[in-house]
Amino acid sequence: MWSVLLTRRLFVVLSAVGVMASAVRAQVSPADELQALLDRALQANPQVLAAKCRVEQALDQHEELLGFFDPRLYLAGGTAQRARGVPGGTGWTSLTDDANELTAGIELPLRPGAYLTLGAAERSLFDGGGGYDQLYQSLLGVRLRIPLMRDRGFVQFEQNRARALADYGAAVSDTIAVMQTLRHAVEVAYVDAYSTLASYDVSKRATERFRLLLEQARELSRLQVMPAYQVFPAEMELSLRLEEEEQARQVHAVSLIQLQEQIGDRQPVALSFGPEHLVAVAAGLGPLPEEDVEPALERRGSYMRLLNRIEAARADLQRASDDLRPDLSLNAATTWRGEDPDQPFASQSIINDKPLGGEVVIVWQQPLMQRAANSRISGTRARIAELKQGIETERTALKADLQSAMAAYTVLIGRIKLLEQAKEAAKQTVAAEDERFRLGEGTSRNALDAQKDLTNALNRQARAAADILRALADYRHAAGYPDAAQP
């Protein structure tokens with residue numbers, strides 16, 4: 001049941017809506033650009049594809065265990081003289097003394113916990129007794145072996161199966177964790193791409209304003225309205241702005257490459273919206289809903305992976321505990337034997353006039369020391385304790401991540417409003433200083449400083465918008481993407 005729920009969660013995450021997709025649809029355009037990028041990443045990112053392969057491997061390992069119920073064929077043939085079986089050994093026991101023998105059998109595990117064996121043997125006795133120098137002997141038999149203590153009711157098979165199911169659940173949880181991490185990385189890279197685009201646009205617009213200011217300064221100097229030395233600061237600032245614009249262009253190009261790298265399909269990324277997209281989305285956001293730690297934990301693939309690893313360790317512990325029990329089994333068999341002095345596949349009764357036989361045997365086996373099983377039990381208990389501490393670490397880190405992202409988001413929402421006011425004031429200052437400069441009442445430095453203040457306000461507003469969306473992405477990632485929690 002747990003693995004089914006995990007598989008269901010995996011398909012839900014595969015179709016998860018991007019963290020800012022609804023804001024994009026409501027504020028900018030019905031086209032869901034971010035969701036398209038996420039879909040590309042989920043289909044092509046090598047880390048996701050590798051995680052899905054691990055899920056298939058875990059499922060195949062579980063299916064492999066069903067081979068426990070496959071019939072096992074046994075064949076043996078040879079010759080023996082003065083043969084004496086060694087009691088307590090494994091493998092074959094011994095061939096019939098002074099005979100050539102061919103033996104075949106098939107063993108089949110049967111629920112609820114028994115092994116059924118069907119066997120046949122054909123022998124050629126060197127000294128058949130009863131006056132026969134050679135005697136052919138045929139044997140058919142059925143045996144039932146029932147474990148009474150260790151592995152009773154195929155409990156070790158069930159423990160191995162529980163271990164495999166836990167491994168499968170861990171692989172599914174790992175895939176969810178990889179996809180959640182990828183979703184966060186794509187969202188952050190997406191925000192960075194628009195952030196650098198906004199910075200590049202601010203630099204381009206600043207360059208145009210400084211170029212216009214330089215042209216005005218040169219014209220006013222030519223008309224002798226202002227001294228020529230006031231042209232030099234404008235020329236310097238334009239050169240600096242051109243250098244900043246080229247730097248911003250390069251940074252934006254790198255951010256697109258980084259977004260492409262996160263997607264993983266090696267296809268170029270082209271942004272659909274303009275540089276104002278970032279601020280428009282951030283301005284339309286409201287307060288974040290408070291997310292509780294425990295439900296958030298249960299949505300995170302990393303937490304579910306730890307739970308599954310604990311289940312796997314518990315299955316190992318149960319298997320090791322069962323190994324401490326003696327191997328006691330009940331064995332019951334019935335046989336039919338026939339002889340013939342001339343040909344194989346005998347059906348006569350020569351040596352004994354009763355062809356049917358049977359036996360009931362109790363077999364007990366026990367290691368003289370239990371060092372292996374005890375060591376496994378001790379190590380597995382330590383492993384469970386380690387994983388439980390990992391859960392506490394995950395819980396502590398999640399709580400800190402939620403609080404940090406919420407605090408950053410709340411502060412930034414207030415900052416973006418202040419920066420909007422600062423931007424409007426900077427625009428008015430630029431207009432006033434430009435007017436004073438054209439009238440010859442102000443200096444080029446005053447006008448340049450006003451332009452720089454406006455550029456700074458625009459850049460800070462774009463950075464604050466990007467920080468808001470990054471904090472939102474961090475918060476949703478820490479919360480395990482509650483928008484993807486409901487199928």
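**Exercise 1. Find the residues that Arg 300 touches, leaving aside neighbours within four places in sequence, and describe where Arg 300 sits.**

Solution.
Step 1. With neighbours within four places in sequence left aside, Arg 300 is in contact with Gln 180, Glu 394, Leu 398, His 477, Ala 478 and Gly 480. The model used here and in the exercises below is predicted.
Step 2. Place Arg 300 in the chain: it lies in the loop between α8 (293–299) and α9 (301–323).
Step 3. Decide on burial. The relative accessible area of Arg 300 is 12%, and buried means under 20%. Arg 300 is therefore buried.
Step 4. Look along the chain. Arg 300 and Pro 482 are 182 residues apart along the chain, and their C-alpha atoms are separated by 9.8 Å.

**Exercise 2. Describe the surroundings of Thr 207, beginning with the helix that holds it.**

Solution.
Step 1. Thr 207 belongs to helix α5, which covers residues 155–222.
Step 2. The relative accessibility of Thr 207 is 1%, so this residue counts as buried.
Step 3. Follow the side chain. It reaches the backbone oxygen of Ser 203 at a distance of 2.8 Å.
Step 4. List the contacts beyond four places in sequence. For Thr 207 they are Leu 238, Arg 241, Leu 242 and Glu 245.

**Exercise 3. Give the volume of the second largest pocket, and work out which helix gives the most to its lining.**

Solution.
Step 1. The volume of the second largest pocket is about 230 Å³.
Step 2. Collect the lining residues. They are Ala 198, Asp 201, Val 202, Arg 205, Pro 275, Glu 276, Val 279, Lys 423, Lys 427, Leu 458, Gln 461 and Ala 462.
Step 3. Assign them to helices. At least two lining residues come from each of α5, α10 (371–438) and α11 (444–478).
Step 4. The helix that gives the most to this lining is α5, with four residues.
Step 5. Sort the lining by class. Six residues are nonpolar, one is polar and five are charged.

**Exercise 4. Take one lining residue, Leu 458, and state what it touches.**

Solution.
Step 1. Leu 458 is in helix α11.
Step 2. Because its relative accessibility is 9%, Leu 458 counts as buried.
Step 3. Not counting residues up to four places away in sequence, Leu 458 touches Val 202, Arg 205 and Lys 423. Compare these with the pocket lining: Val 202, Arg 205 and Lys 423 are among the residues there.
Step 4. Lys 427 also appears in the lining. The C-alpha atoms of Leu 458 and Lys 427 are separated by 10.0 Å, and the two residues are 31 residues apart along the chain.

**Exercise 5. Which residues have a positive phi although they are not glycine, and where is there a cis peptide bond?**

Solution.
Step 1. Recall the usual case. Most residues other than glycine have a negative phi, and most peptide bonds are trans.
Step 2. Asp 151 has a positive phi of about 60°. Asp 151 lies in the loop between β4 (135–147) and α5, and it counts as buried because its relative accessibility is 14%.
Step 3. Arg 266 also has a positive phi of about 60°. Its place is the loop between α6 (231–263) and α7 (277–283). With a relative accessible area of 74%, Arg 266 is exposed.
Step 4. The cis peptide bond runs from Arg 111 to Pro 112, with omega near 10°. Pro 112 lies in the loop between β2 (99–110) and β3 (114–125).

**Exercise 6. Is Tyr 229 buried or exposed?**

Solution.
Step 1. Tyr 229 is found in the loop between α5 and α6.
Step 2. The relative accessibility of Tyr 229 is 55%. The cut-off for exposed is over 50%, so Tyr 229 counts as exposed.
Step 3. Add a distance. Tyr 229 and Ala 217 are twelve residues apart in sequence, and 9.7 Å lie between their C-alpha atoms.

**Exercise 7. Summarise the whole protein: how many helices and strands does it have, and what share of its residues is buried?**

Solution.
Step 1. The protein has eleven helices and six strands.
Step 2. Of its 487 residues, 43% are buried.
Step 3. Take the contacts between residues at least 6 apart in sequence. Of these, 78% join residues at least 24 apart.
Step 4. The protein exposes about 26100 Å², and 55% of that area is supplied by carbon and sulfur atoms.

Notes:
Residues are numbered from 1 along each chain as its sequence is written. This is a predicted model: local features need pLDDT of at least 70, side-chain atom pairs count only at pLDDT 80 or more; totals for chains, interfaces and linings use all residues. Side-chain values use heavy atoms; hydrogens and water are left out. Buried means under 20% relative accessible area, exposed over 50%, partly exposed in between (1.4 Å probe, protein chains only). A polar contact is a pair of N or O atoms within 3.5 Å; within protein, one must be able to donate a hydrogen and the other to accept it, and residues adjacent in sequence count only if both atoms are side-chain atoms. Contact means heavy atoms within 4.5 Å. On a 1 Å grid over the protein atoms alone, a cavity is a set of points where a 1.4 Å probe fits but cannot get out, and a pocket is an open set with protein on both sides within 12 Å along at least five of seven lines; lining residues have an atom within 4 Å of a point. Grid points are joined across faces, edges and corners, and a volume is the space filled by probe spheres set on the points. Ala, Val, Leu, Ile, Met, Phe, Trp, Tyr, Cys and Pro count as nonpolar, Asp, Glu, Lys and Arg as charged, and the others, Gly among them, as polar. Accessible areas come from the Shrake-Rupley method with a 1.4 Å probe; for residues, only the protein chains shown count as cover.
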